[in-house]
Amino acid sequence: MAQKKASLACTVCGSRNYSITVSSTPKPTRLEVNKFCKYCKKYTLHKETR
């Protein structure tokens, strides 16, 4: 299976802090995870971007 790279962007400040690999088959929803943002200095919701 081919893998694509995607980023996780902070919903508060918009910075792309994390990179992940996802499958190339399209999904109807994007990944949403609470992660630590080093710019906001707190845990915020990060959404998958491509």
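## Overall make-up

Helices (H or I, at least four residues) and strands (E, at least two) are here DSSP runs, numbered from the N terminus. By that reckoning the secondary structure of the chain in this predicted model comes to 0 helices and 4 strands, and the pattern read along the sequence is β-β-β-β.

The C-alpha trace spans about 35 × 15 × 15 Å along its principal axes, and the accessible surface of the chain comes to about 3900 Å², with 52% of that belonging to carbon and sulfur atoms. Of the 50 residues in the chain, 22% are buried.

## The sheet

The 4 strands form an open sheet in the order 2-1-4-3, and their pairing is antiparallel. Strand 2 (16-23) and strand 3 (32-37) are the edge strands, each of which pairs on one side only, while the twist from one strand to the next averages 40°.

Within this sheet, strand 1 (residues 3-10) pairs with strand 4 in the antiparallel sense over 4 bridges, and Ser7 stands opposite Thr49 in strand 4.

## The surroundings of Glu48

Glu48 lies in strand 4, which covers residues 42-49. Is this residue buried or exposed? Glu48 has a relative accessible area of 7%, and because buried means under 20%, it counts as buried.

Leaving aside residues up to four places away in sequence, Glu48 touches Ala6, Ser7, Leu8, Val22, Arg30 and Leu31. In addition, the side chain of Glu48 makes a polar contact with the side chain of Arg50, at 3.3 Å.

Note on methods: Residues are numbered from 1 along each chain as its sequence is written. This is a predicted model: local features need pLDDT of at least 70, side-chain atom pairs count only at pLDDT 80 or more; totals for chains, interfaces and linings use all residues. Side-chain values use heavy atoms; hydrogens and water are left out. Buried means under 20% relative accessible area, exposed over 50%, partly exposed in between (1.4 Å probe, protein chains only). A polar contact is a pair of N or O atoms within 3.5 Å; within protein, one must be able to donate a hydrogen and the other to accept it, and residues adjacent in sequence count only if both atoms are side-chain atoms. Contact means heavy atoms within 4.5 Å. Two strands pair if DSSP finds at least two bridges between them. Axes are lines fitted to C-alpha atoms, for helices over the stretch in contact, and angles run from 0 to 180 degrees between N-to-C directions. Accessible areas come from the Shrake-Rupley method with a 1.4 Å probe; for residues, only the protein chains shown count as cover.
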